[in-house]
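Got the model open in your viewer? Set it to cartoon, keep the selection box handy, and we'll go from stop to stop.

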Amino acid sequence: MADTLAPRAVIGVMTPAMNTVVQPELELLRPAGVTNQMQRFRLGGDAVSDDLPDEAEKLMDCAPLAIAVGLTTDAGPGGPDKLVKRCAEVSRQVGVPVLGASQANYEGLRALGAKRLGIVTPFNAEVDAVVKANTESAGFEVVSIKGTEAPSLPAICETPLDDIRAVFAAVAASECDVILQVGTALPVVAMIAELEAEHRKPIVACNAAVYWQTLRAVGITDPIRGFGRLLEAH
């Protein structure tokens, strides 16, 4: 029998333990007949997170069809590839698709036909240089990148919305064709439609991208309206 509250799908969602943004943002995007079920993990170790496999096993008790990992690893050398590898390992272990936000970003950009990117981050200029290098290694041209310069990982969740708007405005002023946002603790999803309308450029926000890719992986193709072009048209 189908889950009473989730006759279409239970989606597992995993997020770093200190991240208070992923859970409410993905709830905003949830289609009818789908529920999101959460599990937290701690960052660290050579493979992104030492406890990710064990926490994913616990999450499987509620029988999700797929797991969205609300994490981008663009800020470390080789970070996106490291997350892809880790997600693949956990997927083989638990037997369902496990999808990370960094790779979802790239898939979203490709769906939109992106070539020249502006990037918004929660980081400083030094870390932004690493994000830029990783993004260009994935095949995109980065014409502008700017961060909100949060002083710590937990502080990213506390970034004022006007500060986020200001960084988007600075990046959008460049000759980019799409704006990418990395850092799943930066609260952007509720502003995507507003920012796209203001700057007339599509936005790939990491939390929206990973949920979009996860829904599509389990065959749910509903347009999700009010959160930007990616979720509405692809």
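Start by selecting strand β1 (residues 9–16) and strand β3 (residues 66–69): the two run parallel and are joined by 4 bridges. Strands and helices here are DSSP runs, E of at least two residues for strands and H or I of at least four for helices, numbered from the N terminus. Zoom in on V13 and you'll find A68 of β3 standing opposite. Before moving on, note that this is a predicted model, where local features need pLDDT of at least 70 and side-chain atom pairs count only at pLDDT 80 or more, while totals for chains, interfaces and linings use all residues. Residues are numbered from 1 along each chain as its sequence is written, and side-chain values use heavy atoms, leaving out hydrogens and water.

Now widen the selection to the sheet. Its 4 strands come in the order β2-β1-β3-β4, open and with parallel pairing; two strands pair if DSSP finds at least two bridges between them. At the edges, β2 (34–41) and β4 (98–100) each pair on one side only. From one strand to the next, the twist averages 25 degrees. Add helix α2 (residues 52–59), which packs on the sheet and touches β1, β2 and β3, its direction making about 150 degrees with that of β2. Such angles run from 0 to 180 degrees between N-to-C directions, with axes as lines fitted to C-alpha atoms, for helices over the stretch in contact. Helix α3 (residues 79–94) lies across β3 and β4, at about 165 degrees to β4.

Next, helix α4 (residues 101–111). Colour A101, S102, A104, N105, Y106, G108 and L109, which are buried (under 20% relative accessible area; exposed is over 50% and partly exposed in between, with a 1.4 Å probe and protein chains only). Q103, also in α4, is partly exposed at 26%. Q103 touches V84, R110 and Q213, not counting residues up to four places away in sequence; contact means heavy atoms within 4.5 Å. Just past the helix, G113 takes a positive phi of about 70 degrees.

Stay on α4 and show E107 with R110. What holds this pair together? A salt bridge, with the closest N and O atoms 2.9 Å apart; the term means a side-chain nitrogen of Lys or Arg within 4 Å of a carboxyl oxygen of Asp or Glu. Because they sit 3 residues apart in α4, R110 and E107 are separated by about one helical turn. In helix α5, E136 and K132 meet in a salt bridge too (2.9 Å, N to O).

For a long-range pair, pick D222 and R8, whose side chains meet in a salt bridge at 2.7 Å, N to O. D222 is in the loop between α9 (206–217) and α10 (229–233) and R8 in the segment before β1, 214 residues apart. The whole structure has 11 salt bridges.

Then jump to Q181 in strand β7 (residues 178–181). Buried or exposed? Q181 is buried, at 1% relative accessible area. Its side chain reaches the backbone oxygen of G183 at 2.9 Å. Leaving aside neighbours within four places in sequence, the contacts of Q181 include N105, F168 and C206.

Last stop: P122, in the loop between β5 (116–121) and α5 (125–137). P122 is buried, with 1% relative accessibility. Measure across to P151 and you should get 9.1 Å between C-alpha atoms, for residues 29 apart along the chain.

Terms used:
A polar contact is a pair of N or O atoms within 3.5 Å; within protein, one must be able to donate a hydrogen and the other to accept it, and residues adjacent in sequence count only if both atoms are side-chain atoms.
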